[in-house]
Amino acid sequence: MTNDEWGRVRSTLQKAVGQNNYTNWIEPLEFAELDGGVATFLVPTNFMGNWVERNFGDKILSQLVGAGVAVSRLEFAVPQKVSARKPANDTAPSVKSLAQKTAAAAQDDLPGAPLDARFTFDSFVVGKPNELAHAAARRVAEGGPVTFNPLFLYGGVGLGKTHLMHAIAHEMKLRQPELRVVYLSAEQFMYRFVKALREKQMMDFKQLFRSVDVLMVDDVQFIAGKDSTQEEFFHTFNALVDQNKQIIISADRAPGEIKDLEERIKSRLQCGLVVDLHPTDYELRLGVLQTKVATYRTQYAGLKISDGVLEFLARRISTNVRVLEGALMRLFAFASLVGREITLELAQDCLGDILRASDRKVTVEEIQRKVSEHYNIRLSDLIGPKRVRTIARPRQVAMYLAKHMTSRSLPEIGRRFGGRDHTTVMHGVKRIDELKGVDDQIAEDLELLRRSLEA
């Protein structure tokens with residue numbers, strides 16, 4: 001087949017696929033050679049080649065056969081550097097190896113962010129609040145058939161989402177070095193998208209992100225409200241899922257709770273495994289501190305730490321693990337500089353500002369709001385006169401938490417619940433005390449609410 005014959009076939013394709021499709025997908029194709037019934041075309045990007053083959057391959061093949069060309073199959077290849085085009089009837093051996101060369105070269109073009117060497121599965125401390133998230137991350141990192149797609153990890157600041165994301169990437173690269181694994185934040189995805197739009201390189205952008213084996217996007221809530229970025233993210237997500245490629249997403253809240261995120265994206269994100277990293281408990285925080293102390297032993301050789309210091313920090317600093325680790329690092333550095341043993345007294349002096357910030361007081365109003373959200377009832381109903389069971393039980397839960405988590409007296413709590421008598425509050429607290437021992441749902445609700453309020 002000559003270039004003239006391909007030109008005539010292109011004219012018929014223009015009518016068959018429409019002007020818009022022709023301009024975007026057919027016109028950029030360059031005929032390279034016909035060898036053994038295989039027609040090879042040069043394309044600007046792998047993404048374009050895959051798209052044309054999937055959406056217009058049969059049409060092109062049909063038109064070529066109809067024009068009398070002895071062709072049975074099409075191939076699309078990306079030239080690396082083409083300084084001078086060879087004649088169409090010159091069978092250049094380099095054309096046949098273009099696809100392999102491109103795959104190797106594209107590995108260097110991956111648009112991801114660097115991984116933190118400290119964030120591995122070995123350094124991740126597992127406890128009850130993050131047990132499920134850790135197990136799911138491990139399963140995905142082991143490779144094999146895609147089971148959870150996407151894997152969606154969510155939770156507050158400093159609970160381990162980013163650590164698990166990096167750990168998955170490290171493990172995958174260790175097990176399967178040939179995998180194209182891309183990790184980046186949602187902000188970086190948005191920046192690259194805007195840059196590609198500005199520099200008219202959208203084809204390259206699409207090809208890069210849709211040719212990876214594993215896409216990991218951290219803090220996806222940042223694309224909420226960015227319509228164009230959401231649109232491109234949605235199409236990238238669909239393209240990868242269609243190819244059975246693994247997607248791992250993290251956010252600070254569940255997909256359904258991310259404001260200004262398109263409903264179709266929320267729906268897509270919820271179709272895999274959604275896992276919540278709960279606020280840390282005392283045992284997990286103590287485990288994190290003990291692990292960190294073990295790593296500091298070589299850096300601060302000879303430095304002594306008194307009994308009870310780690311337990312004190314684990315109890316007092318409950319906001320998040322990053323604050324806890326930062327406090328321990330400051331304590332070791334300070335003790336090393338002044339040449340003193342790490343005692344409880346030293347910890348209180350050195351970490352006074354962190355400890356004061358961690359002594360946040362829970363208010364009755366906060367408890368009422370959290371309980372209303374948890375049970376999906378109006379705040380006005382919670383403190384109002386309604387006595388139906390769906391309102392009364394959450395009201396008693398809120399009274400119980402107010403009694404145990406604040407310093408307010410029973411009469412003060414009653415006043416904040418629509419002016420109720422202190423005996424009503426006493427009855428509610430007593431009832432929940434009885435129920436939590438026999439009703440697993442009530443016990444679970446209390447624990448979740450307590451953790452949420454302490455976080």
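**Close-up 1: Thr40 and its partner across the strands.** Thr40 sits opposite Glu75 of strand 3. Here strand 2 (residues 38-42) and strand 3 run parallel, joined by five bridges; two strands count as paired if DSSP finds at least two bridges between them. Strands (E, at least two residues) and helices (H or I, at least four) are DSSP runs, numbered from the N terminus. This is a predicted model, where local features need pLDDT of at least 70 and side-chain atom pairs count only at pLDDT 80 or more, while totals for chains, interfaces and linings use all residues. Residues are numbered from 1 along each chain as its sequence is written, and side-chain values use heavy atoms, with hydrogens and water left out.

**Close-up 2: the open sheet and the helix packed on it.** Three strands make up this open sheet, in the order 1-2-3 with mixed pairing. Strand 1 (30-35) and strand 3 (73-77) are the edges; each has a single partner strand, so one side of each lacks a neighbour in the sheet. On average, neighbouring strands are turned by 25° against each other, direction ignored. Helix 3 (residues 46-66) packs on the sheet and touches strand 2 and strand 3, contact being heavy atoms within 4.5 Å. The direction of helix 3 makes about 145° with that of strand 3; axes are lines fitted to C-alpha atoms, for helices over the stretch in contact, and angles run from 0 to 180 degrees between N-to-C directions.

**Close-up 3: helix 16 against helix 18.** The axes of helix 16 (residues 364-375) and helix 18 (residues 389-405) come within 9 Å and cross at roughly 145°. Val364, Ile367, Val371 and Tyr375 of helix 16 meet residues of helix 18 including Pro394, Val397 and Leu401.
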